[in-house]
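Work through the following exercises with the sequence and the model at hand, and compare each step with the solution given below it.

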Amino acid sequence: MSMHTTQEWVQHAHYNMYQAQHAHKKAELQKEQSRRAHGEVMSGNLSMYSELHSNLEQKVKTSQRLLDKLMQRAESVENSLQHTRHGYEKLEQALAAKEAPLHLCMWRMEQRERRPLREQVRDAVEVALEVEKATLLDAQRKLKEALKKTKATIQILESKLEELRHDISQKSQALSVDEMCLRTTSRSFGQVADNQRQSISSPSQNQPPPSAGSRRSTRHEVSAHESSRNEVQRQQEAVKLNQAAASREEAAKELREESAKLVARCERAAQEAMAKSERSMKERINDNQAMRRRLETELRETCEQIANTKHTINQTKTQIKNLEEPMELTSTCASWRKQRATKEHITDPVTTALQEHQMTLLRSHEELRYHHQSEKNVLQELQEKRERLKEDLRDKTAALHIDLNCMTHEATQLNGKPSKAISKNKLPRAMKVDPNFIPSPGHTMLAQQMPLTAR
């Protein structure tokens with residue numbers, strides 16, 4: 001016997017069909033939702049691909065631009081570093097070039113301290129040598145300060161160049177990675193776009209999908225803002241590094257120009273000081289030579305006067321001797337006349353004449369003896385003056401030879417050390433001043449043994 005009625009059977013069938021239709025609707029709805037989801041996913045994927053590709057392209061272009069600037073700056077800094085090192089070498093050469101003139105100047109001052117005491121006057125040569133020494137020492141001080149500044153600038157440029165190279169290396173490595181990602185993304189982006197075009201088959205699917213940007217979360221916006229800020233900071237740091245390097249380059253250029261001017265000023269000041277010393281020395285030599293000629297003339301005249309005085313003394317001696325016979329005659333006659341008879345022993349004109357003659361002879365003898373003593377005193381004084389003239393001439397000759405010796409030597413370098421040497425051009429001029437001059441460190445003692453001549 002059946003368990004269900006016909007109505008139940010129909011209702012059961014209708015229920016099953018209703019359930020099937022309901023499942024159909026759910027399937028259609030799910031299909032539509034899935035289609036929309038597929039479109040959103042594909043659109044979002046393409047949108048992200050596009051955004052990623054755009055960001056990669058922009059990042060690569062930016063990195064290339066930054067790298068170009070940094071590489072140009074690194075090359076410029078390297079050139080500036082080479083120029084600064086060259087300037088440092090120039091400063092070192094200028095400093096070393098002051099050693100020989102300073103050595104010569106101090107040697108000249110030491111030599112002139114050996115002049116005889118009467119010749120140790122504070123003349124124009126001594127003042128000029130002191131000025132030259134001060135000028136050279138001041139030039140050395142300034143050059144050393146410039147060397148110190150230049151060395152510090154070289155270290156700063158080297159540090160900045162190393163910083164640039166390090167940043168370039170990092171950016172080059174990052175750029176190569178980004179370029180590789182860009183190439184890979186471009187290929188993948190093309191394949192995804194082709195797949196999407198192939199997947200579109202029905203008109204309903206051609207409807208524009210919902211915007212993928214509307215699905216971005218606030219978290220994504222914050223992350224994008226932060227990443228943009230990081231990129232801006234990266235570019236700003238590169239720009240700051242470029243500007244800092246440019247600033248260092250400009251400072252190095254100004255220092256190089258200042259150092260070049262300093263080298264020129266110091267060289268000009270040293271040359272002017274040395275030229276002034278040379279001129280003062282020539283003038284002093286001329287003054288000394290003129291004074292020596294005057295002393296020689298005076299000495300020659302004194303020697304002639306000594307000879308004349310000696311001749312006068314001899315004449316006076318002769319005159320005194322010539323008085324001996326008349327004096328003896330008058331004495332003899334006076335003695336003889338005392339033997340006259342008493343009546344004839346009177347003071348007659350003969351007695352008066354004899355007495356007058358005898359008195360005259362005595363006065364003449366005394367006067368001649370006085371003149372003879374005066375002549376001897378004058379001769380002694382003349383001889384003393386002659387010796388003083390000789391000593392003065394000898395001292396001036398020694399001082400002249402010292403100045404000539406200073407004049408004939410010039411600054412030079414020997415085995416890398418400051419030294420002095422005899423100038424082939426100046427020696428003949430010195431020999432014209434005094435043919436007896438011999439350039440030698442020990443010329444002072446030699447000069448004392450030389451003939452006294454200013455010709």
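**Exercise 1.** Find the element that holds glutamate 258, and decide whether this residue is buried, partly exposed or exposed.

Solution. Glutamate 258 sits in helix H4, which covers residues 218-322; helices here are DSSP runs of H or I with at least four residues, strands are runs of E with at least two, and both are numbered from the N terminus. The model is a predicted one, in which local features need pLDDT of at least 70 and side-chain atom pairs count only at pLDDT 80 or more, while totals for chains, interfaces and linings use all residues. Residues are numbered from 1 along each chain as its sequence is written, and side-chain values use heavy atoms, with hydrogens and water left out. Glutamate 258 is partly exposed, because its relative accessible area is 47%, where buried means under 20%, exposed means over 50% and partly exposed lies in between (1.4 Å probe, protein chains only).

**Exercise 2.** Place alanine 260 in its element, and state how far its C-alpha atom is from that of tyrosine 88.

Solution. Alanine 260 also belongs to helix H4, and it counts as partly exposed because its relative accessibility is 47%. Its C-alpha atom is separated by 9.9 Å from that of tyrosine 88, although the two residues are 172 residues apart along the chain.

**Exercise 3.** Describe the make-up of the whole protein.

Solution. The protein has eight helices and two strands, and from the N terminus on their order is α-α-α-α-α-α-β-β-α-α. Of its 455 residues, 31% are buried.
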